[in-house]
Amino acid sequence: MKPKDRLAIPRQKAPELSVNYRIKNFDEVTRGYDEKTAILEANRCLQCKKPTCRQGCPINNNIPGFIEHLRNGRFEEGYWTIRETSSLPAVCSRVCPHEFQCEGSCIRGKKGDAVAIGMLERFLVDWMVSNQKNLAVPCVLPKDKKVAIIGSGPAGMTTAYHLAHEGYHCTIFESLPVFGGMLAVGIPPYRLPRDIINAEFDSLKNCGVTVVNNFKIGKNLTLEQLKDEKGFAAVFVSVGAHNSRKLGIEGEDLAGVTHGVDYLRNVCLGEKINLGSKVVVVGGGNVAIDVARTALRTGSKDVFILYRRTRKEMPASMAEIHHLEEEGVHIEFLAAPVKIHGENGKVARVECQRMTLGECDASGRCRPVVIEGSNFMIEADAIIPAISQKVDHTADSNLKIELTSWGTYVVDPLTLQTSVPWIFSGGDSVLGPQTAAKAVYQGKVAAESIKLYLEGKDLKEGRNVRILS
Ligand SMILES: Cc1cc2nc3c(=O)[nH]c(=O)nc-3n(C[C@H](O)[C@H](O)[C@H](O)COP(=O)(O)OP(=O)(O)OC[C@H]3O[C@@H](n4cnc5c(N)ncnc54)[C@H](O)[C@@H]3O)c2cc1C
């Protein structure tokens, strides 16, 4: 096919559940491509000599490589090309913010629509599953050294995956009843079905990884006890960022105020929560959007998002914003809460101020500035602030690990070793709230470092690691 013909093919839209059907349940909204559509979309790829899409991918997936296999009908080879670099393609293909990563760097996106790289990756994974192909990489006979992994999110899962395939015995300790970190208790099932996460844990267990739930390190056992009493030679701390940041305004302690990740965690763990009819969510990222869409699915009728900048600055992906608005959520731009008013100890309304955009920083992101005298009220049964999260330090409460001013762990950027040599860290606990793909990448880097550490080798020699921020 000539480049001109490839350029003439429009981006293929993925099928989606209808709005009326989907807001009553947690079924996956975006469905996969069929074979014909996937091959057509793959034919849009120009196979650039310098594939900028690869640079945009935090895990450096060989995107042109798997697309070339896909369009020639070599689906298994395409899948295994992805698995050379990614331990969790079923997850990443669904939840990565592709427009800011691989697709955001695709040359075709400069003058039109980028190649739908995420959907093509998803097609290959789903094809392997529906055709019952083997997805497992052979395990290696166990070595005598043990590694403890604290937290079962994508960073911990990836470290366990790589170390287990090197023959190290890994135990994942998870404080919650379910495994998967924010994939299981943050991202709702309508974006990431739970059988996908569970399948990853089945394959980890098949390779000898021990998984322990309802076990909080720092409470049930300390990090030092893991080393000194339980014989773990190294520890990977991948505890994520699960503590909500507060708005810091009057009325935040009223009944009816629940913070975003707490609300999503409770819903994901099966608690029946009805927030009431009118819900105001504060924030502009993925968490705010997932809260708003979840509130609709648990019975709320009028759901608002308050965001202090404009649509252009929203950190959430366009696809998420589109789905949100389709489902009937209203976004009030350039508005921020200043006080929550209550009646009888319960939220009644939120007082807001209008904002305008002021000075912009080097990245072009502009500072919201209050318009004096612009206060207005919104009636509400519940307020859900979803403005960011910080790291819960229960795990290292008895140990002095160096932290940044943001409360994340200080690590060597090349090795992810903390200030305590036998402890490594990665994912959101190092980067702050970020993405699944970055957690996967750091999980892989940490596994390489831990292996070198256990073998008594130099952790830095010859390493070529991408430094993520
Ligand atoms: C609502 C929401 C939506 C998101 N949407 C997206 C998206 O669309 N795309 C994307 O790429 N990313 C998204 N993210 C971010 C992504 O989920 C995270 O960046 C990623 O999960 C971080 O992985 P992690 O392994 O570092 O930590 P986590 O996934 O947070 O896992 C950490 C685990 O450690 C456990 N833990 C904590 N302390 C202890 C302890 N002391 N002992 C034992 N266990 C402990 C926690 O319970 C948790 O299970 C979203 C996040 C949220 C909250």
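Which residue takes a positive phi in the hairpin of E10 and E11? I'll start there and work outwards. The residue is Gly 364, with phi near 90 degrees, in a hairpin that has 5 residues between the strands. Please keep in mind that this is a predicted model.

The two strands of that hairpin, E10 and E11, the latter covering residues 366-370, run antiparallel and are joined by 4 bridges. Across the pair, Cys 360 stands opposite Cys 366 of E11.

Strand E10, residues 346-360, has other partners. With strand E9, residues 335-343, E10 forms an antiparallel pair held by 8 bridges. One residue pair to look at there is Ala 336 opposite Gln 353 in E10. E9 and E10 also form a hairpin, this one with 2 residues between the strands, and Asn 344 has a positive phi near 55 degrees in it. Then there is strand E12, residues 376-379, which runs antiparallel to E10 and is joined to E10 by 4 bridges. Val 350 has Ile 378 in E12 as its bridge partner.

Now the parallel sheets. As a general reminder, strands of a sheet pair through backbone hydrogen bonds, either parallel or antiparallel.

One open sheet has 5 strands in the order E3-E2-E1-E4-E15, paired in parallel. Strand E3, 210-212, and strand E15, 423-425, are at the edges with a single partner strand each, so one side of each has no neighbour in the sheet. On average, neighbouring strands here are turned by 20 degrees against each other, direction ignored. At the E3 end, strand E2, residues 169-173, runs parallel to E3 and is joined to E3 by 3 bridges. Phe 173 has Val 212 in E3 as its bridge partner.

Another open sheet has 4 strands, ordered E8-E7-E6-E13, again with parallel pairing. Its edge strands are E8, 330-332, and E13, 382-385, each pairing on one side only. From one strand to the next the twist averages 25 degrees. Strand E7, residues 302-306, pairs with E8 in the parallel sense over 3 bridges, and Phe 304 stands opposite His 330 in E8.

Next, the helix H17. This helix lies across strand E1 (146-150), strand E4 (232-237) and E15, and runs at about 160 degrees to E4. H17 also matters for the core count: the largest nonpolar core has 128 residues, and H17 supplies the largest share of it, 10 residues. Leu 124, Val 281 and Ala 292 have the most contacts inside that core. Leaving aside residues up to four places away in sequence, Ala 292 touches Val 281, Val 303, Ile 305, Leu 324 and Val 329.

H17, residues 436-454, is also one of the helices that supply at least two residues each to the shell around the ligand. The others are H9 (154-164), H10 (182-185), H13 (260-268), H14 (286-297) and H16 (428-431). In total 42 residues surround the ligand, and the closest are Gly 151, Gly 153, Gly 181, Gly 240 and Gly 427. By type, the shell has 20 nonpolar, 17 polar and 5 charged residues.

Last item, helix H5, residues 63-71. Its buried residues are Ile 63, Phe 66, Ile 67, His 69, Leu 70 and Arg 71. They pack against H3 (35-42), H4 (52-56), H6 (75-83) and H8 (117-130). After H5 comes Gly 73, with a positive phi near 75 degrees.

Technical notes: Residues are numbered from 1 along each chain as its sequence is written. This is a predicted model: local features need pLDDT of at least 70, side-chain atom pairs count only at pLDDT 80 or more; totals for chains, interfaces and linings use all residues. Two strands pair if DSSP finds at least two bridges between them. Axes are lines fitted to C-alpha atoms, for helices over the stretch in contact, and angles run from 0 to 180 degrees between N-to-C directions. A residue is near a molecule or strand if its C-beta atom, placed from the backbone, lies within 6 Å of it. Ala, Val, Leu, Ile, Met, Phe, Trp, Tyr, Cys and Pro count as nonpolar, Asp, Glu, Lys and Arg as charged, and the others, Gly among them, as polar. A nonpolar core is a set of buried Ala, Val, Leu, Ile, Met, Phe, Trp, Tyr and Cys residues joined through C-beta atoms within 7 Å. A residue is buried if 20 or more other C-beta atoms lie within 10 Å of its own, exposed if 12 or fewer, and partly exposed in between; C-beta atoms are placed from the backbone. Two residues are in contact if their C-beta atoms, placed from the backbone, lie within 7 Å.
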